[in-house]
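User: Please take a close look at the charged side chains and their surroundings in the model shown below. I am a first-year student, and I would be grateful if each term were explained when it is used.

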Amino acid sequence: SRMPLLEAEKRVLACLLCFCAVIFGGWLVLSPLGGVADTHQLETMFLELEEELEEAQSDLREARAEASSLREALRRAGVPSPALSANSSSFYGARHSSQPASQPHAQPKAGTAVSTPAALEKIRDPCAGRPGATARGSGPRPIPGGDLEASGVLEAAFAARAVEGELIFLSVGDTRDHRRVAKDPALKDISTDFLLHLLANLRALGRENWLILSTRRLCGRLQAEHCERSCVWSTLWDDHPGLEPWRLKPGDMFLMWAQQWRYVARALELGYRVFRADTDVYFAEDPYPLLRSPLLRPFEMVVQHDFASMLDNNRRPACSAPPRRPADSAVAPGLQTCGTRPRHLALLNIGLLYVRSSPGGGAYAAINETWAAFLSKLSGPPYKPKHLNGRVESQALIDQPFMRKAVDELAAPDSASLPPKPA
């Protein structure tokens with residue numbers, strides 16, 4: 001007899017039917033008899049259906065992996081598994097719902113060996129011994145995942161992943177980064193590849209104190225396919241009324257980038273020091289000795305600078321005056337400066353940022369203002385530039401300009417370069 005479909009398989013079939021229906025409907029609209037088509041609306045529908053299809057396929061892979069893992073566990077425990085195959089749909093629902101399964105478990109036949117908790121405890125975790133899945137010495141501990149908005153999850157995740165108060169904060173989404181997908185649909189999964197390479201890079205340097213903010217679906221994939229038990233997700237602002245007007249969905253990178261700064265601020269409030277990094281970076285050496293060195297230790301925030309910008313005629317940052325000691329050189333003895341730059345050219349690149357501020361500190365205020373500015377923008381009317389012919393420009397919600405503005409407004413001038421005006 002045919003094994004019943006898993007719920008995930010039903011979702012895949014439903015998505016395929018919807019996809020075919022939209023293709024047929026799109027052909028009608030685009031045909032001479034169908035009139036003028038709203039190509040942007042069709043493109044949006046295709047992208048949304050494609051995302052739903054990918055999500056359903058991912059659920060299917062996870063369900064099959066769980067079923068396979070359980071079959072192997074039962075085999076090792078001496079329990080036959082045909083009942084699992086016959087009732088796989090109920091099993092999947094029970095595993096992914098807070099409601100009890102609708103059908104009771106079948107009773108084993110007389111003489112069948114029944115596994116005991118002790119027997120199941122002896123079953124080897126398929127991820128046991130894999131990097132990222134088990135705690136080693138005094139290093140970070142694996143976590144099961146969870147919503148950072150749920151009670152206690154944030155505090156537990158920070159405590160498990162930080163080492164000596166240091167936390168590397170990473171974020172990776174389902175790559176609904178509209179800028180990349182518009183350039184090349186093949187880039188939809190590139191962020192995951194970036195992440196895995198960065199984790200291998202950091203692991204080789206002996207740094208595994210990272211916490212990954214992701215989506216629930218992608219976190220499940222990282223756990224199931226890569227044994228990476230260091231990810232969490234968030235429902236923060238998922239119900240914000242501004243998402244739909246700005247054409248955002250939960251999981252979009254612009255939303256996740258804002259969420260991460262809220263959690264970086266929370267980590268600072270709890271006394272952690274945070275290294276926030278993009279995933280498309282490579283560390284040639286361990287950055288912590290430099291961050292803790294006498295040169296950089298006095299500073300609350302260390303951040304990289306864009307090497308060139310159209311705002312500055314694509315020129316690289318360079319000294320505009322002979323090196324000298326700033327007026328407040330007592331803060332960092334030996335530090336020299338070689339001129340100042342206009343505020344609008346202080347082009348922070350927050351792809352790499354280290355912060356050890358605390359509530360009341362200037363760097364903490366800049367972090368807090370970044371996510372607050374996002375919320376303020378999200379609550380207002382969406383930006384529709386003329387060149388997009390009335391379409392929404394979601395990129396106006398990117399986090400980097402918000403932080404640049406916050407730092408500009410909070411920065412104090414160097415009195416040696418900009419002496420105070422006479423009274």
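Analyst: Helices (H or I, at least four residues) and strands (E, at least two) are DSSP runs, numbered from the N terminus. In these terms, E369 belongs to helix 12 (residues 362-378), and the protein has 13 helices and six strands.

This is a predicted model, in which local features need a pLDDT of at least 70 and side-chain atom pairs count only at pLDDT 80 or more, whereas totals for chains, interfaces and linings use all residues. Residues are numbered from 1 along each chain as its sequence is written, and side-chain values use heavy atoms, with hydrogens and water left out.

The term pLDDT denotes the predictor's confidence in each residue, from 0 to 100. For the protein it averages 75, and 56% of the residues score at least 70. Among the elements, strand 4 (residues 273-277) has the highest mean pLDDT, at 98, and helix 4 (residues 88-95) the lowest, at 33. Over residues 19-37 the pLDDT is below 50, and this stretch has 15 contacts in the model beyond near neighbours in sequence; a contact means heavy atoms within 4.5 Å. Residues 82-123 likewise stay under 50, with 38 contacts beyond four places in sequence.

The degree of burial is also needed here. A residue is called buried under 20% relative accessible area, exposed over 50%, and partly exposed in between (1.4 Å probe, protein chains only). Of the 423 residues in the protein, 40% are buried.

We may now turn to the charged pairs. Side chains of opposite charge can pair when their charged atoms come close. A salt bridge is a side-chain nitrogen of Lys or Arg within 4 Å of a carboxyl oxygen of Asp or Glu. The structure holds eleven of these.

One of them joins R207 and D286, with N and O 2.9 Å apart. R207 is in the loop between helix 8 and strand 2 (210-214), and D286 is in the loop between strand 4 and helix 11 (288-291), so this pair ties together parts that lie 79 residues apart in sequence. Both R207 and D286 are buried.

D286 also has N201 in its surroundings: the two C-alpha atoms are 9.9 Å apart, although 85 residues separate them in sequence. N201 is part of helix 8 (residues 190-204) and counts as buried because its relative accessibility is 8%. Leaving out residues up to four places away in sequence, N201 touches Y282 and F283.

A further salt bridge links E208 to R203, the closest N and O atoms being 3.7 Å apart. E208 counts as buried because its relative accessibility is 18%, whereas R203, at 22%, counts as partly exposed. The side chains of D278 and R276 form another such pair, at 2.6 Å from N to O. Here R276 is buried, with a relative accessible area of 3%, while D278 is partly exposed, at 25%.

Salt bridges also join E155, R262, R266 and E269 in a network. R262, a member of this network, lies 9.5 Å from E369, C-alpha to C-alpha, across 107 residues of sequence. E369 counts as partly exposed because its relative accessibility is 37%.

Which charged residue is buried yet has no salt bridge? D147 fits this description: R216, the nearest side chain of opposite charge, is 7.3 Å away. In this count Lys and Arg are positive and Asp and Glu negative, with His and the chain ends not counted. D147 is placed in the loop between helix 5 (117-121) and helix 6 (153-161).

What, then, surrounds D147? Beyond its neighbours within four places in sequence, D147 is in contact with V153, W233, S234 and T235. Its side chain makes a polar contact of 2.7 Å with the side chain of T235. A polar contact is a pair of N or O atoms within 3.5 Å; within protein, one must be able to donate a hydrogen and the other to accept it, and residues adjacent in sequence count only if both atoms are side-chain atoms. In addition, a polar atom of the D147 side chain lies 2.9 Å from the backbone nitrogen of E149.
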